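Here's a quick walk through this model, from how its copies are arranged down to individual strand pairings. Have the structure open as you read.

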Number of protein chains: 4
Amino acid sequence: MSTVRRVGVLTGGGDAPGLNAVIRAVVRACKVAYGVTVVGISEGFTGLVEMRARELDLDDISGLLVRGGTILGTTNRGNPFRYAYRRPDGVEELVDASGTAKKNVEKLGLDCLIVIGGDGSLSIGERFWRELGIPVVGVPKTIDNDLSATDYTFGFATAVQSATWALDCLHTTAESHHRVMLLEVMGRDAGWIALHAGLAGGGDVVLIPEIPFRFEPLIAKFQARERRGRPFSLVVVAEGAAPAGGSQVFAGQDAITGWKRLGGISASIAQEIEARGGYEVRATVLGHIQRGGTPVPNDRILASRFGIEAARLAVEGSFGSMVALRGDEIVAVPLADAIGRLKKVDPQCQLMKAARAIGIVFGDENPEDASDSEG
Amino acid sequence: MSTVRRVGVLTGGGDAPGLNAVIRAVVRACKVAYGVTVVGISEGFTGLVEMRARELDLDDISGLLVRGGTILGTTNRGNPFRYAYRRPDGVEELVDASGTAKKNVEKLGLDCLIVIGGDGSLSIGERFWRELGIPVVGVPKTIDNDLSATDYTFGFATAVQSATWALDCLHTTAESHHRVMLLEVMGRDAGWIALHAGLAGGGDVVLIPEIPFRFEPLIAKFQARERRGRPFSLVVVAEGAAPAGGSQVFAGQDAITGWKRLGGISASIAQEIEARGGYEVRATVLGHIQRGGTPVPNDRILASRFGIEAARLAVEGSFGSMVALRGDEIVAVPLADAIGRLKKVDPQCQLMKAARAIGIVFGDENPEDASDSEG
Amino acid sequence: MSTVRRVGVLTGGGDAPGLNAVIRAVVRACKVAYGVTVVGISEGFTGLVEMRARELDLDDISGLLVRGGTILGTTNRGNPFRYAYRRPDGVEELVDASGTAKKNVEKLGLDCLIVIGGDGSLSIGERFWRELGIPVVGVPKTIDNDLSATDYTFGFATAVQSATWALDCLHTTAESHHRVMLLEVMGRDAGWIALHAGLAGGGDVVLIPEIPFRFEPLIAKFQARERRGRPFSLVVVAEGAAPAGGSQVFAGQDAITGWKRLGGISASIAQEIEARGGYEVRATVLGHIQRGGTPVPNDRILASRFGIEAARLAVEGSFGSMVALRGDEIVAVPLADAIGRLKKVDPQCQLMKAARAIGIVFGDENPEDASDSEG
Amino acid sequence: MSTVRRVGVLTGGGDAPGLNAVIRAVVRACKVAYGVTVVGISEGFTGLVEMRARELDLDDISGLLVRGGTILGTTNRGNPFRYAYRRPDGVEELVDASGTAKKNVEKLGLDCLIVIGGDGSLSIGERFWRELGIPVVGVPKTIDNDLSATDYTFGFATAVQSATWALDCLHTTAESHHRVMLLEVMGRDAGWIALHAGLAGGGDVVLIPEIPFRFEPLIAKFQARERRGRPFSLVVVAEGAAPAGGSQVFAGQDAITGWKRLGGISASIAQEIEARGGYEVRATVLGHIQRGGTPVPNDRILASRFGIEAARLAVEGSFGSMVALRGDEIVAVPLADAIGRLKKVDPQCQLMKAARAIGIVFGDENPEDASDSEG
């Protein structure tokens with residue numbers, strides 16, 4: 001029999017639609033199925049170090065299924081192993097606060113800590129378990145869908161929906177104005193959002209980090225569409241996309257050095273397309289909008305299933321593990337196996353081949369092919 | 001080398017969001033990847049018997065990705081093996097028009113016929129191939145997601161989204177008015193839409209055809225929620241749900257005999273809950289709204305992938321097969337294996353267990369449990 | 001100077017998207033602009049009689065702008081002048097509890113009571129002020145938009161959006177299946193939702209309570225569309241629509257007597273169209289979905305403005321008045337003038353003429369005209 | 001009796017949701033109500049000079065109500081009075097092509113030209129009528145809602161809805177991360193979109209061109225919210241907003257000189273807030289997304305009414321006029337009166353006062369007030 005009586009839960013890293021649904025499911029499953037108390041920890045690991053926590057009961061989670069964000073708060077900072085401690089004299093220094101974190105887990109009486117987070121937060125969780133013996137269960141979160149241990153993560157479908165909606169909007173404008181419209185979406189290391197939104201939103205060109213692109217196939221595609229009476233095109237750009245040969249192809253300009261790259265890589269690409277092809281180009285950076293809003297049904301369900309299964313693992317004492325989606329089943333995988341490896345788009349996968357089969361250009365094509373085949 | 005030069009495509013049965021995306025993908029893939037001509041046949045098999053068809057090129061499919069329905073038209077009638085032929089004297093008689101259909105395939109010069117449809121249309125397609133030697137490739141379509149050969153079908157995610165949106169709407173009304181709100185969704189034989197929407201929309205009770213229900217666990221659930229300060233509940237009812245013991249439990253009333261059961265089973269259930277529990281109950285039948293509207297991104301992608309793969313099978317001469325989703329891959333399965341078997345919700349599957357773990361009631365519970373655990 | 005220090009607020013009647021936005025604005029304006037305390041009364045007038053109330057501060061209204069329903073709860077019952085009092089012996093009797101209500105206003109220390117409600121609630125509010133001297137300020141609420149004293153009410157635009165979305169969904173199904181699709185929307189006495197949704201959703205026929213309809217012009221319209229290659233039509237039916245000559249035109253059937261008329265008038269109309277025209281007809285009753293969901297921006301703004309202005313009137317002591325929209329301004333009107341008069345659709349108004357000009361049929365046309373002119 | 005038999009229609013300037021609905025209504029009203037032929041001219045005035053036009057009938061406008069953009073195409077160029085003519089030697093020169101335009105109106109047999117456009121296109125239309133005697137009827141279009149002659153223009157409500165949706169998305173992220181989130185929306189000269197979206201989306205600060213802002217009241221507002229346990233804020237910025245004292249307040253940086261100001265003014269404002277207040281700030285530029293997508297019901301109705309009324313004015317020979325919304329009526333105003341005057345937000349208007357009453361800060365406040373009153 002499990003002796004787990006109190007379970008802690010925290011959210012770390014950037015927010016994603018569905019975090020609240022995970023929290024709701026953890027609380028519901030713990031309460032309804034196991035009669036276990038849940039303690040919510042504020043602001044990720046920071047709240048653990050600083051001992052900010054409160055019990056969560058069924059009233060606290062009412063209405064959470066439809067709400068984006070996380071009621072616990074989250075932060076990209078607060079790694080207890082390198083904690084930014086502010087000394088009485090006001091100076092900040094990095095200290096190892098993992099001992100404090102462990103003591104606080106004990107003070108809070110937690111028999112297990114459920115860590116909902118991305119690669120960074122899960123890595124901390126893995127060290128908690130391996131080095132400090134804190135019982136941890138992980139729930140993967142990455143809006144980019146680039147965690148290798150799980151087929152999909154919640155938040156991804158909602159981000160794809162927002163990006164697809166934006167493409168639907170840009171489509172009518174592109175068509176009315178005979179323009180090339182760029183949409184920059186999230187995806188620093190992996191092009192999943194760009195690829196899915198490009199397929200769903202009728203993108204003509206999709207640029208992803210996995211495939212360094214040249215401008216020639218893009219221009220060839222635009223020209224082929226023009227010849228066919230379609231003098232407009234939609235380009236989806238993952239924020240991590242980069243030209244083959246590196247950024248020196250952007251001759252003598254520095255737009256990408258702007259404030260926090262608000263203009264993004266798409267500004268440079270837009271400028272280059274205008275210069276090379278004589279097109280009227282407009283770029284839009286979807287940005288943080290992708291992280292927010294009401295989760296789509298799939299994300300609500302996946303997040304709920306993750307939360308339910310994490311509660312079960314916690315209560316059953318399966319520590320050091322992480323929930324993951326494999327096919328249509330939620331499974332448990334070792335935390336140690338889940339971290340540190342990115343899941344990238346395989347340029348030879350079936351989905352990529354499908355995209356090419358209907359004429360989507362990725363920038364590595366032989367331009368003659370593109371001009372033959374449009375699409 | 002394939003000698004396929006002309007491919008026909010038709011849509012049969014009830015419409016589903018994504019049909020147009022399949023058609024678009026078939027045309028795009030045939031044109032862009034294979035240089036093959038596509039002929040669209042109007043109104044399902046009726047159009048084949050009556051020889052209504054036209055070539056489809058890239059201009060015909062412009063803008064189709066976002067449009068519900070099918071530009072080819074569809075019908076639930078028109079089985080060529082039992083064709084309702086109207087004689088010159090005005091009398092209708094059922095005749096075998098499959099020979100005419102075969103001749104028309106030849107007249108149209110079709111090297112393959114892509115049949116997009118549900119179990120009925122695919123069964124006709126299978127007989128075309130097996131009995132008449134017409135080269136057929138199938139694309140599965142069922143909004144209920146109850147075809148056993150494929151993990152998911154397009155249209156299902158859009159229907160779940162519509163049902164979830166409706167639950168979100170009813171939720172605030174239920175809460176404001178302290179009511180039990182019922183939403184009847186599609187699912188004559190399988191409860192997939194009800195189960196997914198119930199999970200995504202925070203349903204308290206989900207009634208599906210696979211699980212005959214009793215009213216006692218429902219009333220116990222409502223009472224448990226009331227005790228917890230939640231004097232309202234959401235009930236999701238699949239149209240095929242039925243009480244254990246059959247409809248005689250509905251004492252002395254006949255509301256379900258109304259015009260085309262517009263009131264649906266939910267009217268009877270609502271009435272019974274009012275009578276037994278003293279609750280204020282309201283029922284809504286979502287109906288055809290579930291079949292329409294812009295497909296969600298997932299359905300656009302799945303439909304596109306089905307269309308692309310069907311085009312490939314057609315061009316490569318893999319006749320008698322059907323595309324299907326298995327995990328994350330599109331595969332080909334024999335048409336003969338795909339038809340005649342429904343995929344039902346397994347009451348013991350992980351998803352069902354997850355639903356029960358967060359307190360969703362299906363009507364087969366021990367009421368004492370429900371009143372203990374709410375949820 | 002005003003001596004108003006505490007303001008009560010309650011919501012009565014059926015819920016409508018935007019109620020929470022009014023409550024939020026009342027609290028915000030009272031706190032931010034006037035430093036006045038707000039007391040929320042639960043469940044409409046029932047809560048006033050039964051003394052269920054609590055103070056509302058800024059934390060209570062966080063996140064309310066996007067939420068449908070009312071956090072205060074509402075009910076169609078609870079008229080203090082005819083209060084259903086349950087005696088100790090369990091028998092219910094109607095008593096005049098208005099004196100209790102008045103005493104409770106005093107016990108709660110309320111200097112003014114803001115009543116958010118429809119004609120029924122506002123009439124009670126008016127009697128409170130006129131007969132009992134309770135200081136009242138009214139905020140009009142009717143999803144049907146049929147209150148004569150204000151140009152528009154919040155909730156109406158959201159209901160029109162839901163109805164229009166449903167029509168967009170039904171449109172693709174009607175077109176794919178060559179059907180006549182009916183959508184029944186709210187509007188017992190006035191056809192505003194039907195008229196607006198019909199215009200916005202491309203309805204071919206719109207049936208409203210203000211215009212008794214005949215079936216001949218409908219059939220003529222369907223036939224005219226058929227001749228033009230459009231063998232499908234969309235019909236929007238207000239729930240209060242009725243045929244000229246009364247319901248005896250529905251020969252020998254009683255579908256409309258079903259449970260709470262779940263099938264609605266549209267079931268009868270659908271049946272009749274099938275019988276007369278040989279069309280395949282499907283009907284959908286949108287029902288309570290129209291009352292729920294996130295309010296559209298216009299409704300959030302209108303509700304906020306109503307709440308802000310009601311707070312101002314309360315604080316300034318302008319009792320016995322109601323806020324109303326006139327043109328683009330919020331004005332105060334006497335409660336006595338606002339109640340008891342419905343705002344109906346004038347068949348000769350510009351909007352109706354516009355609808356007819358683009359070919360929308362209302363059922364009172366000369367069928368020959370309709371068959372000439374399709375549209 | 002009118003002798004108008006052929007009416008031309010063109011769309012000019014930036015696109016806006018509802019353009020297609022106007023075109024549809026013009027064609028429907030001309031065909032159904034008047035039996036008049038409609039000729040669609042491509043690409044605004046360019047198509048008139050270059051004689052690109054085609055007849056539009058009922059089939060051409062099928063499905064247009066839900067589609068953003070314009071099937072006629074549009075452009076910001078092509079003023080016939082200063083036409084960029086490309087000589088045979090390839091050199092472009094500006095010529096007066098208004099005579100060609102007039103001849104083409106005659107060649108096309110147009111008895112009237114309906115010009116759908118913003119201030120620029122309508123000014124050309126007005127000169128056509130006044131200087132050249134071309135019979136013109138105008139339809140106002142500006143997504144910014146800044147045309148003085150009409151209360152509202154179509155497209156505005158859809159833009160507000162997109163901006164509000166974006167704010168809803170950013171809200172949950174701001175709250176989860178304790179950030180200040182900026183959303184830059186359209187509005188070069190007038191702050192209507194920012195004001196409406198700010199009210200509907202719960203903005204804490206709204207910056208509009210009509211009110212030069214200082215940073216002190218902003219920081220005071222953020223601090224007041226922090227003290228109240230709300231360590232996050234939403235800022236809505238119209239693209240034309242500017243600090244009091246001009247851009248030199250942005251000390252020593254040049255982020256706004258990036259490619260086509262993709263980063264927008266919001267990048268500079270974000271940077272300044274970070275520097276002054278120590279907040280984590282993120283900015284999003286909504287951009288062209290606001291111009292696209294399916295029009296909301298209100299815009300579909302307003303656009304339809306404009307189109308219907310423009311058709312009536314054209315057929316009745318009321319040339320030199322423009323349709324406009326006044327209150328709830330569509331009226332005709334002289335084109336000469338409609339152009340050249342912008343409608344700006346009056347800082348003293350009721351809507352602004354309402355915004356201030358619930359605590360929205362515009363940057364011209366006395367910071368002490370803000371810190372007292374939060375809101």
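## How the copies relate

Turn chain A by 180°, shift it 0.0 Å along the axis, and it can be laid on chain D with an RMSD of 0.0 Å. The two copies are thus related as by a two-fold rotation axis. Keep in mind that this is a predicted model.

Which surface do the copies use to meet? Of the interface residues of chain A, 100% are also interface residues in chain D, so the copies meet through the same surface.

## Where B meets C

Over at the contact between chains B and C, 38 residues come from chain B and 38 residues from chain C. On the chain B side, helix 5 (156-177), helix 8 (264-277) and strand 11 (281-285) each supply at least two residues. Helix 5 of chain B gives the largest share of that side, with ten residues.

What's the chemistry like there? The chain B side that touches chain C splits into 20 polar residues, twelve nonpolar and six charged.

## Two domains in chain A

Chain A is divided into two domains, both built from two stretches: domain 1 covers 6-154 + 295-338, and domain 2 covers 158-291 + 346-373. Measure between the C-alpha centres of domain 1 and domain 2 of chain A and you get 35 Å.

The contact between these domains takes eleven residues from domain 1 of chain A and eleven residues from domain 2 of chain A. On the domain 1 side that touches domain 2 of chain A, five residues are nonpolar, four are charged and two are polar.

## A parallel sheet in chain C

Now for chain C, which has an open sheet of four strands in the order 9-10-8-11, with parallel pairing. Strand 9 (205-207) and strand 11 (281-285) of chain C are the edge strands, each pairing on one side only. On average, neighbouring strands of this sheet are turned by 15° against each other, direction ignored.

Within the sheet, strand 8 (residues 180-185) and strand 10 (residues 233-238) of chain C pair in the parallel sense over six bridges. For a landmark, pick Met181(C): its bridge partner in strand 10 of chain C is Leu234(C).

Two helices pack on this sheet. Helix 5 (residues 156-177) of chain C touches strand 8, strand 10 and strand 11 of chain C, and its direction makes about 165° with that of strand 8 of chain C. Helix 7 (residues 215-227) of chain C touches strand 8, strand 9 and strand 10 of chain C, with its direction at about 155° to that of strand 10 of chain C.

## Strand 10 in chain D

How many residues of strand 10 (residues 233-238) of chain D are buried? Six of its six, so to speak of this strand as mostly covered is fair. In a regular strand the side chains alternate between the two faces of the sheet. Here, both faces of strand 10 of chain D are covered: Ser233(D), Val235(D) and Val237(D) are buried on one side, and Leu234(D), Val236(D) and Ala238(D) are buried on the other.

Strand 10 of chain D also has pairing partners. Strand 8 (residues 180-185) of chain D runs parallel to strand 10 of chain D, and six bridges join the two. In that pairing, Met181(D) stands opposite Leu234(D). Strand 9 (residues 205-207) of chain D pairs with strand 10 of chain D in the parallel sense too, over three bridges. There, Val206(D) stands opposite Val236(D).

Methods
Residues are numbered from 1 along each chain as its sequence is written. Chains are lettered from A and ligands numbered from 1 in the order in which they are written. This is a predicted model: local features need pLDDT of at least 70, side-chain atom pairs count only at pLDDT 80 or more; totals for chains, interfaces and linings use all residues. Two residues are in contact if their C-beta atoms, placed from the backbone, lie within 7 Å. Ala, Val, Leu, Ile, Met, Phe, Trp, Tyr, Cys and Pro count as nonpolar, Asp, Glu, Lys and Arg as charged, and the others, Gly among them, as polar. Two strands pair if DSSP finds at least two bridges between them. Axes are lines fitted to C-alpha atoms, for helices over the stretch in contact, and angles run from 0 to 180 degrees between N-to-C directions. Domain bounds come from an automatic or database domain assignment. Copies are superposed by least squares on the C-alpha atoms of residues with pLDDT of at least 70 in both. A residue is buried if 20 or more other C-beta atoms lie within 10 Å of its own, exposed if 12 or fewer, and partly exposed in between; C-beta atoms are placed from the backbone.
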